[in-house]
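Please go through the salt bridges, the cysteines, the helix packing and the overall fold of this protein, one question at a time.

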Amino acid sequence: MTKHQVYLGLGSNLGNREAVLLQAIKLIDERVGQVLRRSSFIETEPWGFESDNKFLNAAVCCETELSPRQVLQTTQQIERDLGKRKCHATKRQKTINYQDRPIDIDILLYDDLIVDEPDLKIPHPLMHQREFVMRPLNEIREPQSL
């Protein structure tokens, strides 16, 4: 099967944030594909909502045989396994109510693929607006990835 490079952004602001991120990275390595590179962890303020709980953010690059849809389904399952509460998006408003969460995993890049589906957008449409995504991503990305 063909191997693909996928970049994922991770964030946690509930519980033992570092332990949750490390467990998420372990599960990504087991279920999505071999983690080739991992950024350092950075602490950031919440984005899109107010909370007293700061985030710990990171990015990973892994090699996968999964399709983008399979990566989405697998990372969503990892989020559920690690205790993420569902963030509700209304179909009419297409807004997301951001909230505290033990783990959030976003697909940032998948090879040089562009996907524009209602529930899957690659590259991640807001990543360039978010320093907590770009700093870890720039730390591990290959020059031709963006």
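Q: How many salt bridges does the count come to in this predicted model?
A: The model is predicted, and local features are taken where pLDDT is at least 70. A pair counts when a side-chain nitrogen of Lys or Arg lies within 4 Å of a carboxyl oxygen of Asp or Glu. By this rule the count comes to nine salt bridges.

Q: Which parts of the chain does the salt bridge of Arg17 and Glu43 link?
A: The side chains of Arg17 and Glu43 meet with N and O 2.8 Å apart. The two residues are 26 positions apart in the chain. Arg17 belongs to one element and Glu43 to another: the parts linked are helix H1 (residues 17–31) and strand S3 (residues 42–44).

Q: Is Arg17 buried or exposed, or in between?
A: The relative accessibility of Arg17 is 21%. Buried requires a value under 20% and exposed one over 50%. Arg17 therefore falls in between and counts as partly exposed.

Q: What is the class of Glu43 by relative accessibility?
A: Glu43 has a relative accessibility of 46%. Exposed would require over 50%, and buried under 20%. Glu43 is therefore partly exposed.

Q: Where do Lys26 and Glu30 lie?
A: Lys26 and Glu30 form a salt bridge, with the closest N and O atoms 2.9 Å apart. Lys26 itself is partly exposed, at a relative accessible area of 43%. The two residues are four positions apart, about one turn of the helix, and both lie in helix H1.

Q: Which residue of the salt bridge between Asp116 and Lys121 is exposed?
A: The closest N and O atoms of Asp116 and Lys121 are 2.7 Å apart. Lys121 has a relative accessibility of 34% and counts as partly exposed. The cut-off for exposed is over 50%. At 63%, the exposed residue is Asp116.

Q: How do H1 and helix H2 pack, and what is the handedness of their crossing?
A: Helix H2 spans residues 68–81, and its axis lies 10 Å from that of H1. The angle between the two helices is about 140°. Their crossing is right-handed.

Q: Which residues make the contact of H1 with H2?
A: The residues of this contact divide into four nonpolar, two polar and two charged. From H1 come Ala24, Leu27, Ile28 and Arg31; from H2 come Thr74, Gln77, Ile78 and Asp81.

Q: Why is there no bond between the sulfurs of Cys61 and Cys62?
A: A disulfide needs cysteine sulfur atoms within 2.5 Å. The count of disulfides comes to zero. For Cys61, the nearest cysteine sulfur is that of Cys62. The two do not bond because their sulfurs are too far apart, at 6.6 Å.

Q: Are Cys61 and Cys62 buried or exposed?
A: The relative accessible area of Cys61 is 0%, and that of Cys62 is 0%. Buried means under 20%. Cys61 is therefore buried, and Cys62 is buried.

Q: In what order do the helices and strands run?
A: The protein has three helices and seven strands. From the N terminus on, the order is β-α-β-β-β-α-β-β-β-α.

Q: What share of the contacts with a separation of 6 or more is between residues 24 or more positions apart?
A: The protein has 146 residues, of which 45% count as buried. Among contacts with a separation of 6 or more, the share made by residues 24 or more positions apart is 68%.

Methods
Residues are numbered from 1 along each chain as its sequence is written. This is a predicted model: local features need pLDDT of at least 70, side-chain atom pairs count only at pLDDT 80 or more; totals for chains, interfaces and linings use all residues. Side-chain values use heavy atoms; hydrogens and water are left out. Buried means under 20% relative accessible area, exposed over 50%, partly exposed in between (1.4 Å probe, protein chains only). Axes are lines fitted to C-alpha atoms, for helices over the stretch in contact, and angles run from 0 to 180 degrees between N-to-C directions. A crossing is left-handed if the near helix is turned anticlockwise from the far one by less than a right angle, and right-handed if clockwise. Contact means heavy atoms within 4.5 Å. Ala, Val, Leu, Ile, Met, Phe, Trp, Tyr, Cys and Pro count as nonpolar, Asp, Glu, Lys and Arg as charged, and the others, Gly among them, as polar.
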